[in-house]
Amino acid sequence: AAKNQGKHRYVFYEKTHTREAEQRLRMEQDLRRAIELDQLTLYYQPQIDLKQGKIVGVEALIRWQHPERGLIPPDQFIDLAEQIGMIRAIGDWVLKTACKQVADWQEKGVPELRMAVNISPLHFNDPSLLPAVESILEETGLSPSSLELEITENVVQTTENNIGIFQKLRDLGVRISIDDFGTGYSSLASLKSLPIDSLKIDRVFISNMFKDTNSTILLHSIVDLAHALGYLVVAEGVEQDQEVDVLRKTACDLVQGYLFSKPVPPEHIPQLATQHFMAGSKNKRLAACS
Ligand code: C2E
Ligand code: MG
Ligand code: MG
Ligand code: MG
């Protein structure tokens, strides 16, 4: 009987594996055609200047509008895109779409916003990135300083090669930002050899702010050190009023998070761009959002 059971179990696992493999294969086939079928779309999340209380930039965040599965978040397909060699095509599409979007908003009267775009480490290390960025800037007429490339902290290595890529991008006038800072192992000291413009402090760090006094002290010292190195500091995933109070005290420059706005489709931005955030009220939420 034990033997039989084992056999059945084996068959069961095999079936599950087959189903998973089939699903993955279908996802892969679908993803390969997602660009041509116009299924990829960008949402934009406002970045608010704490001093001015208004939007100065946005971060482009990709979604996949799948005909059967609905809106798929990036965490569910970016890895796959990297594995099947699609990340460069997707990355180029994102860059082009995002840069064009700034001009579209400008036509609707929105002052030129800074556009932050996430770049996969694979794409970042691809020699095609630099010429692609160059031609997209030329094609869209976006000021290079209005484009910011975000690269995740835990993949940033201060190799000669990386420093070279950073430097060439910056020679174009493009800004570079370190994303998810605080989740990896790099210290600010190790980053200082990289030519970067801003540091995005990860959401985990922000939400742990009140866990103990050490967390607050650490946050203060990160912001101070980043400023001393000449970086702009962005806080990610800000969800609470109290967090804003502390971030203001630490002189953090920009804030981004659900407290202000979730990522939204492009047509929402012109209205948001006219709003005053934290306009003198005790409530840091959108004053005009009611
Ligand atoms: P990320 O670049 O660190 O982006 C921030 C993520 O946090 C976004 O998730 C955003 O929607 C979410 N978020 C923002 N504010 C809050 C908040 O207050 N609370 C909470 N709980 N979450 C908040 P999203 O859009 O699902 O993107 C996840 C990750 O996927 C991004 O993390 C980025 O690493 C990657 N990604 C997104 N778009 C692209 C892209 O175009 N290309 C590449 N290569 N990666 C992308
Ligand atoms: Mg990002
Ligand atoms: Mg991040
Ligand atoms: Mg991330």
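**Exercise 1. Classify the lining of the largest pocket in this predicted model.**

Solution.
- Step 1. Sort the lining residues by class: 17 are nonpolar, 10 are polar and 13 are charged.
- Step 2. Put a size on the space. The largest pocket has a volume of about 1200 Å³.
- Step 3. Look towards the centre. The lining has 40 residues, and Glu59, Leu61, Pro74, Asp75 and Asn118 are the closest to the centre of the pocket.
- Step 4. Assign the lining to secondary structure. Elements with two or more lining residues include strand 1 (40–49), helix 2 (78–83), helix 3 (87–107) and helix 8 (203–207). Strand 2, helix 4 (121–124), strand 5 (147–152) and strand 6 are also on that list.
- Step 5. Pick the main contributor. Strand 2 gives the most to this lining, with five residues.

**Exercise 2. Place ligand 1 and describe the shell around it.**

Solution.
- Step 1. Locate the ligand. The space that ligand 1 takes is the largest pocket.
- Step 2. Count the neighbours. Ligand 1 is surrounded by 22 residues. The closest are Arg63, Asn118, Asp179, Glu239 and Tyr258.
- Step 3. Split the shell by class. It holds eight nonpolar, five polar and nine charged residues.
- Step 4. Find the strands involved. Strand 2 (54–66) and strand 6 (175–181) each supply at least two shell residues. Strand 2 gives the most, with four residues.

**Exercise 3. Which atoms of ligand 1 pair with N or O atoms in the side chains of Glu59, Asn118 and Glu239?**

Solution.
- Step 1. Set the cut-off. A polar contact is a pair of N or O atoms within 3.5 Å.
- Step 2. Take Glu239. An N or O atom of this side chain is 2.5 Å from a nitrogen atom of ligand 1.
- Step 3. Take Asn118. Here the partner is an oxygen atom of ligand 1, and the distance is 2.8 Å.
- Step 4. Take Glu59. An oxygen atom of ligand 1 lies 3.0 Å from an N or O atom of the Glu59 side chain.
- Step 5. Add the burial. Ligand 1 alone exposes 810 Å², and the protein buries 83% of that.

**Exercise 4. How many cavities of 30 Å³ or more are there, and what lines the largest cavity?**

Solution.
- Step 1. Count them. There is one cavity of 30 Å³ or more.
- Step 2. Give the volume. The largest cavity has about 40 Å³.
- Step 3. Name the lining. It consists of Pro121, Phe124, Asn125, Ile151, Val155, Val156, Gln157, Asn162 and Phe166.
- Step 4. Map the elements. Helix 4 and helix 6 (160–171) give two or more residues to this lining.
- Step 5. Sort by class. Six lining residues are nonpolar, three are polar and none is charged.

Definitions and conventions: Residues numbered from 1 in each chain as written. Chains lettered and ligands numbered in written order. Predicted model: local features only at pLDDT ≥ 70, side-chain atom pairs only at ≥ 80, totals over all residues. Heavy atoms only, no water. Near = heavy atom within 4 Å. Polar contact = N/O pair within 3.5 Å; in protein donor to acceptor, adjacent residues only side chain to side chain. Areas by Shrake-Rupley, 256 points an atom, 1.4 Å probe, with all protein chains shown as cover. 1 Å grid on protein atoms, 1.4 Å probe; cavity = no way out; pocket = protein on both sides within 12 Å on 5 of 7 lines; lining within 4 Å. Sits in = over half its atoms within 2 Å of the grid points. Nonpolar A, V, L, I, M, F, W, Y, C, P; charged D, E, K, R; others polar. Points joined across faces, edges and corners; volume = space filled by probe spheres on them.
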